[in-house]
Amino acid sequence: MTVHTQLPVGFEALEAKGRIGARRYLLLRRASQLFFLALFLTGPLFGIWIAKGTLAGSLTLGILPLTDPLVALQSMLAGHWLTATALTGVLIVLAAYALVGGRTYCSWVCPINPVTDAAHWMHRRLDLPKGWQPRRSTRYWLLAAALLVSFATGTIAWEVANPVTMVHRGLVFGLSAAWMVVAAVFLFDLFVARRGWCGRLCPVGAFYGLIGKMAVLRVSAPNRAACDDCMDCYAVCPENQVISPALKGAPETSPLILAGDCTNCGACIDVCAQDVFKFTHRFDQRLAEPPSQFAAEQSAASLMHKE
């Protein structure tokens, strides 16, 4: 174990960037999640109708239709053909996530993300064991099952149990059953499977991951030569299997994280004191010049002095 890996996760980033700089994308994500919740809740709670509907389907300002592609697919399999407005909404959402990455929905929009993040934070604070880890392919099997049930029953099957929909119902109607589902997700991630819901089970994340495979917005590791092997990026990444090909690949390999599982959460950027990672586009293959030996020695000496 190196000197760096013995430090608490994020310690170096806090020292180098300060409290705000080391949490920049986390704060932006929370603001984004609150913003999308507010769009839908100001109407039923305060009578200010900005967006009517839910994340499954909505009309914003009476003009902009948005339709969840997974809900639309289930609807068509159930035998309910889309109206022109709903189809337009699907195309708009698909185009947006083709640009920014499908699983950006998971980290920047989904209201369940703060719940699972809180469970992961508490899991680490309590130093609980990793727990049962279903195969990551399980979420794709659950996605296939949701589509099959929709086809067989003529219903939009997943919406019956979707925790995202449950959050909206709970906030608007105060339904106890809705909060029980949210609590179940929290407890599952806390005690049963670390990052189990979003990373292993959620079919919505699986679906958006398929959409995001060819997305334009990407996280890259252009400064990977400066990596000091602190492993903090692996500790905070909700899908840490996506990091190694970009960070630890051969010199000729792309520094881009191209896996559809990446949520574009920016946690690796926040936590890296060496500024290894950044947001860019999928056509940016540039690598930074490796640091000089003198600079590397000075950095190591500085860290040893702080300890």
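**Exercise 1. A residue in a loop**

Leaving aside its neighbours within four places in sequence, which residues is aspartate 68 in contact with? Find also where aspartate 68 lies and whether it is buried or exposed.

*Solution.* A word before we start: this is a predicted model.

- Step 1. Place the residue: aspartate 68 sits in the loop that joins strand E3 (64-67) to helix H3 (69-77).
- Step 2. Judge its cover. Buried means under 20% relative accessible area. Aspartate 68 counts as buried because its relative accessibility is 7%.
- Step 3. List the partners. With neighbours within four places in sequence left aside, aspartate 68 is in contact with Leu55, Ala56 and Tyr208.
- Step 4. Follow one partner onward: Tyr208 is one of the buried residues of H11, a helix we return to in Exercise 4.

**Exercise 2. The chain as a whole**

Describe the overall build of the chain: how many helices and strands are there, and which radius of gyration does the chain have?

*Solution.*

- Step 1. Count the elements: the chain holds 15 helices and 5 strands.
- Step 2. Compare with the globule rule. For 307 residues, a compact globule would have a radius of gyration near 19 Å, and the 21 Å of the chain agrees with that.
- Step 3. Look at the box: along the principal axes, the C-alpha atoms fill roughly 65 × 40 × 40 Å.
- Step 4. Turn to burial and contacts. Of the 307 residues, 45% count as buried. Among contacts with a separation of 6 or more, 74% come from residues 24 or more positions apart.
- Step 5. Finish with the surface and the charges. About 15,800 Å² is exposed, and carbon and sulfur atoms supply 68% of it. The 26 positive and 19 negative charges have mean positions 7 Å apart.

**Exercise 3. Helix H8 from start to end**

Examine helix H8: which of its residues are buried, what covers them, and what follows the helix?

*Solution.*

- Step 1. Begin at the start of H8, where a side-chain oxygen of asparagine 162 comes to within 3.1 Å of the backbone nitrogen of valine 164.
- Step 2. Pick out the buried residues. In H8 (residues 163-173) these are Pro163, Val164, Thr165, Met166, Val167, His168 and Gly170.
- Step 3. Identify the cover, which includes helix H2 (24-46), strand E1 (51-54), helix H5 (104-108), helix H9 (176-192) and helix H10 (196-201).
- Step 4. Now visit a contact from the other side. Proline 111, in the loop between H5 and helix H6 (113-125), touches Val164 and Val167, among others. Leu37 and Leu55 are also touched by proline 111, residues up to four places away in sequence not being counted. At 11% relative accessibility, proline 111 is itself buried. Its C-alpha atom is 8.1 Å from that of leucine 34, although the two are 77 residues apart along the chain.
- Step 5. Close at the other end: glycine 174 follows H8 and has a positive phi, near 70°.

**Exercise 4. An enclosed helix**

Explain why helix H11 is described as largely enclosed, and name what its buried residues pack against.

*Solution.*

- Step 1. Because 7 of the 9 residues of H11 (residues 203-211) are buried, the helix is largely enclosed by the rest of the structure.
- Step 2. Those buried residues are Pro203, Val204, Gly205, Ala206, Phe207, Tyr208 and Gly209.
- Step 3. They pack against H3, helix H4 (84-100), H5, helix H7 (138-153) and H10.

**Exercise 5. Unusual backbone angles**

What sign does phi have at arginine 195 and at methionine 231, and is each residue buried or partly exposed?

*Solution.*

- Step 1. Recall the background: most residues other than glycine have a negative phi.
- Step 2. Take arginine 195, in the loop between H9 and H10. Its phi is positive, about 50°, and the residue is buried at a relative accessible area of 17%.
- Step 3. Take methionine 231, in the loop between strand E4 (217-220) and helix H12 (232-236). Here too phi is positive, about 70°, but methionine 231 is partly exposed at 41%.

**Exercise 6. Two threonines**

Compare threonine 85 and threonine 116: which helix holds each, and is each buried or partly exposed?

*Solution.*

- Step 1. Threonine 85 belongs to helix H4 and is partly exposed, with a relative accessible area of 47%.
- Step 2. Threonine 116 belongs to helix H6 and is buried, with a relative accessible area of 5%.
- Step 3. Add the surroundings of threonine 116. A polar atom of its side chain lies 3.0 Å from the backbone oxygen of asparagine 113. Not counting residues up to four places away in sequence, threonine 116 touches Val185, Asp189, Trp197 and Cys198.

Notes:
Residues numbered from 1 in each chain as written. Predicted model: local features only at pLDDT ≥ 70, side-chain atom pairs only at ≥ 80, totals over all residues. Heavy atoms only, no water. Buried < 20%, exposed > 50% of the residue type's maximum accessible area, 1.4 Å probe, protein only. Helix = DSSP H or I, 4+ residues; strand = E, 2+ residues; numbered from the N terminus. Contact = heavy atoms within 4.5 Å. Polar contact = N/O pair within 3.5 Å; in protein donor to acceptor, adjacent residues only side chain to side chain. Rg over C-alpha atoms; globule rule 2.2 N^0.38 Å. Areas by Shrake-Rupley, 256 points an atom, 1.4 Å probe, with all protein chains shown as cover. Lys, Arg positive; Asp, Glu negative; His and termini not counted. Charge placed at Lys NZ, Arg CZ, Asp CG, Glu CD.
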